[in-house]
Amino acid sequence: MKAFALPRTGEPPAVIDLPVPEPGPGEVLVRTTAALICAWDGHTAAGAPTGLGHEAVGVVEAVGPGVCPSFVTRRVGVEGHGRLAEFFRAPAAGAGLVPLPDAVTDHQALYAAGALPTGFAAAEEAGPPAGGTVVVFGQGAVGLSATIAAGRLRGARVIAVEPEMKRQRLALRFGADVVIDPAYEDTAERILELTGGRGADRAIMASPAPAAASAARAGLAGGGRITYARCRPPRSSGARLARALHLIQDGLVDPTVITTHEFPFHRVGEAFARLTAGEPGMIKPVILFPRAGGGGGGRPRPPPPPPPPAPRGGGVK
């Protein structure tokens, strides 16, 4: 099979050939249908080889010992590492694998497998009081998800900080009350102005920029606190993934507008390079995998069963 990975520590990521993994006890083998690329994948990788990608959807192809055979052919959303591959193993229960409802598309489910739960968890950890003010620094996929959670789900007033125009528009669409452009305004001064000199109750950091952290500290009210958006352990992600799916299914959130680019899997290296280089206008690229039976080094399928014997007696009466 093909996988996008770091062949060795210190080498650039590339598409490499790996054997199709066999599911172990309590595991399933998933054939990937679509995945998202995260700019942080390259920062967290280590080892040789190391698979990249942690937001994927697919179809269960096989199960290991102890897993009900009814899992086979189920569509699932999966959070975890090494998902930018044609196949991957995942625990069948308790670690970020959730069956997908028919009403949720693969494209929508991709966000439930990563960005939405991460942003939601940051907003929950921050705990902005209802009617209070929270500043969300950075409006990429995770920052936009935190904006949704803080404003629409927790009832806070949201100030988004983002220099890129496309992301600014999405922030307003997703519930931000005000957007600050740090390229043209002093962020801390503007926060204080918008809060009547009091400062913000909470700040959520979905941007690695050092200037953002400084502005967050300067713009906080007394007793305010800063929360950093970060990936949570897969073992704790299943419930958050399921909740995000419910919000999508109920029509409260449509995260697919965050997707700005689409690539077939054979161009995954180009997509990763353009995203990590900070290409203007690129927020989240989706990677589409070959269909089952369409080649690409997939798992061999068993031959079809022989046709039933023809009825005797001269045909249908």
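**Strands, cores and ring pairs in a predicted model**

At 11% relative accessibility, Asp-201 counts as buried, since the cut-off for that label is under 20%. The model is a predicted one, and this aspartate is a handy way into it. Asp-201 sits in strand β12, and its side chain makes a polar contact of 2.8 Å with that of Arg-198. Leaving aside residues up to four places away in sequence, Asp-201 also touches Pro-129, Gly-132, Thr-133, Leu-220, Gly-224 and Arg-225.

Strand β12 belongs to an open sheet of 5 strands, paired in parallel and ordered β11-β10-β9-β12-β13. The edges are taken by β11 (178–180) and β13 (220–228), each of which pairs on one side only. On average, and with direction ignored, neighbouring strands here are turned by 20° against each other. At the β11 end, 3 bridges hold β11 in parallel to β10 (residues 157–161), and Val-161 has Ile-180 of β11 as its bridge partner. Helix α6 (residues 187–194) packs on this sheet, where it touches β9 (133–137), β10, β11 and β12. The direction of α6 makes about 155° with that of β11. Helix α3 (residues 115–126), for its part, lies across β12 (200–205) and β13 and runs at about 150° to β13.

What about the nonpolar interior? The largest nonpolar core counts 42 residues, and those touching the most other members are Tyr-111, Leu-116, Phe-120, Ile-204, Leu-245 and Ile-258. At least two residues of this core come from each of β3, α2 (106–112), α3, β9, α4 (141–153), β10, α5 (165–173) and α8 (238–249). Ile-204 gives a feel for the surroundings: not counting residues up to four places away in sequence, its contacts are Ala-122, Ala-123, Ala-126, Val-134, Val-135, Val-136, Phe-137, Ala-146 and Thr-227. Apart from the largest core lies another one, of 27 residues, with Ala-56, Leu-84, Val-268 and Ala-271 among them.

Strand β3 (residues 27–36), one of the contributors to the largest core, is well covered: 10 of its 10 residues are buried. Its antiparallel pairings involve several strands. With β5 (residues 55–63), β3 shares 8 bridges, and Val-30 finds its bridge partner there in Val-60. With β7 (residues 87–91), β3 pairs over 5 bridges, one residue pair being Leu-29 and Arg-89. With β15 (residues 284–288), the count for β3 is 3 bridges, and Ala-34 stands opposite Leu-288.

Strand β1 (residues 2–6) is mostly covered too, with 4 of its 5 residues buried. An antiparallel pairing over 4 bridges links β1 to β2 (residues 14–17), in which Val-15 stands opposite Phe-4. Lys-2 also lies in β1, but this lysine is partly exposed, its relative accessible area being 32%. The side chains of Lys-2 and Asp-17 are joined by a polar contact of 2.8 Å. Lys-2 also has a sequence-distant companion in Phe-87: their C-alpha atoms are separated by 8.3 Å although the residues are 85 places apart along the chain.

Phe-4 turns up again among the aromatic pairs, of which the structure holds 2. Phe-4 and Phe-272 make an edge-to-face pair, with 5.4 Å from centre to centre and 65° between the planes. Phe-4 lies in strand β1 and Phe-272 in helix α9 (residues 268–276), so this pair ties together parts that are 268 residues apart in sequence. Both rings belong to buried residues: Phe-4 has a relative accessibility of 1%, and Phe-272 has one of 8%.

The other pair consists of Phe-265 and Phe-289, whose ring centres are 4.6 Å apart with planes at 20°, so it is stacked. Phe-265 lies in the loop between β14 (259–264) and α9, while Phe-289 lies in the segment after β15, so here the parts tied together are 24 residues apart in sequence. Phe-265 and Phe-289 are both buried as well.

Key:
Residues numbered from 1 in each chain as written. Predicted model: local features only at pLDDT ≥ 70, side-chain atom pairs only at ≥ 80, totals over all residues. Heavy atoms only, no water. Buried < 20%, exposed > 50% of the residue type's maximum accessible area, 1.4 Å probe, protein only. Pairing = 2+ DSSP bridges. Axes fitted to C-alpha atoms, helices over the stretch in contact; angles between N-to-C directions. Contact = heavy atoms within 4.5 Å. Polar contact = N/O pair within 3.5 Å; in protein donor to acceptor, adjacent residues only side chain to side chain. Core = buried A, V, L, I, M, F, W, Y, C linked by side-chain atoms within 4.5 Å. Phe/Tyr/Trp six-rings, centres within 6.5 Å; stacked < 30°, edge-to-face > 60°.
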